[in-house]
Each structure stands twice: as C-alpha cells, then as structure tokens.
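Q: Please take a close look at one part of this structure and explain it step by step, in connected sentences that a first-year student can follow. I would like to see how the strands are arranged before moving to the side chains at the surface.

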Amino acid sequence: MSKEVIIRRIGNSLGITLSEQIKELGLSEGDKLHIVRTSNGFELTPYDPDFAEALEDARRFMTKHANAMKALAK
C-alpha cells in the first residue's frame, strides 16, 4: 500500500502529518517512532531495532550462564 504525503512547513521546520497511519499503528501522542534506513529508503516503525538486538544479546548471555542466573535469582 502506498500513500502520498506532502511536506509542509511546521514552525521553522519541515514535516509531514501521519494522523491516519498513527491511528492504524495504535500509537498516540508521546509514543516513539524509530526511523530505520533500509535498502529501499526509510522505514518508520514503533519497533526499536537497537533495543531488540540488546534484548537478544541478554537472552543469549542468560542462556549461556543459566546456572549463574539461577544462583542470582535466589
């Protein structure tokens, strides 16, 4: 699906409005979107790839050191 948006002046900046798309994502004021560069351009997503990577690193660490994690949980 493709939808055209228009770049407008907002104060001293340029921007676009994404009201419909924000509602479709289930987001509201104050929520964060991440801009991710892809081979096709940019992607706006509520998914934080850096956080997901850090979480996966933590999972690997906890799996590798399961005995230590169990001992710390006592």
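**The hairpin and its surface**

A: In this predicted model, strands β3 and β4 form a hairpin, with two residues between them. Strand β3 covers residues 34–38 and pairs with β4 in the antiparallel sense, over five bridges, while β4 itself takes in residues 41–45 and includes leucine 44. Looking across the pair, we find that isoleucine 35 has leucine 44 of β4 as its bridge partner. These bridge partners also appear together at the surface, where Leu25, Leu33, Ile35, Phe42 and Leu44 make a nonpolar patch of about 500 Å². Leucine 44 has a relative accessibility of 44%, and therefore counts as partly exposed, because that label covers values from 20% to 50%.

Charged side chains can be followed in the same careful way, beginning with helix α2, which spans residues 49–64 and holds both arginine 59 and glutamate 56, three residues apart, or about one turn of the helix. The side chains of these two residues meet in a salt bridge, at 4.0 Å from N to O. Arginine 60 and aspartate 57 also lie in helix α2, again three residues apart, and their side chains meet in a salt bridge at 2.3 Å, N to O. Arginine 60 is partly exposed, with a relative accessible area of 48%, and aspartate 57 is likewise partly exposed, at 36%. Through salt bridges that share partners, Glu56, Asp57, Arg59 and Arg60 are joined into one network.

Conventions
Residues numbered from 1 in each chain as written. Predicted model: local features only at pLDDT ≥ 70, side-chain atom pairs only at ≥ 80, totals over all residues. Heavy atoms only, no water. Patch = residues over 30% accessible without salt bridge, like charges linked within 9 Å, V, L, I, M, F, W, Y side chains within 5 Å. Areas by Shrake-Rupley, 256 points an atom, 1.4 Å probe, with all protein chains shown as cover. Helix = DSSP H or I, 4+ residues; strand = E, 2+ residues; numbered from the N terminus. Buried < 20%, exposed > 50% of the residue type's maximum accessible area, 1.4 Å probe, protein only. Pairing = 2+ DSSP bridges.
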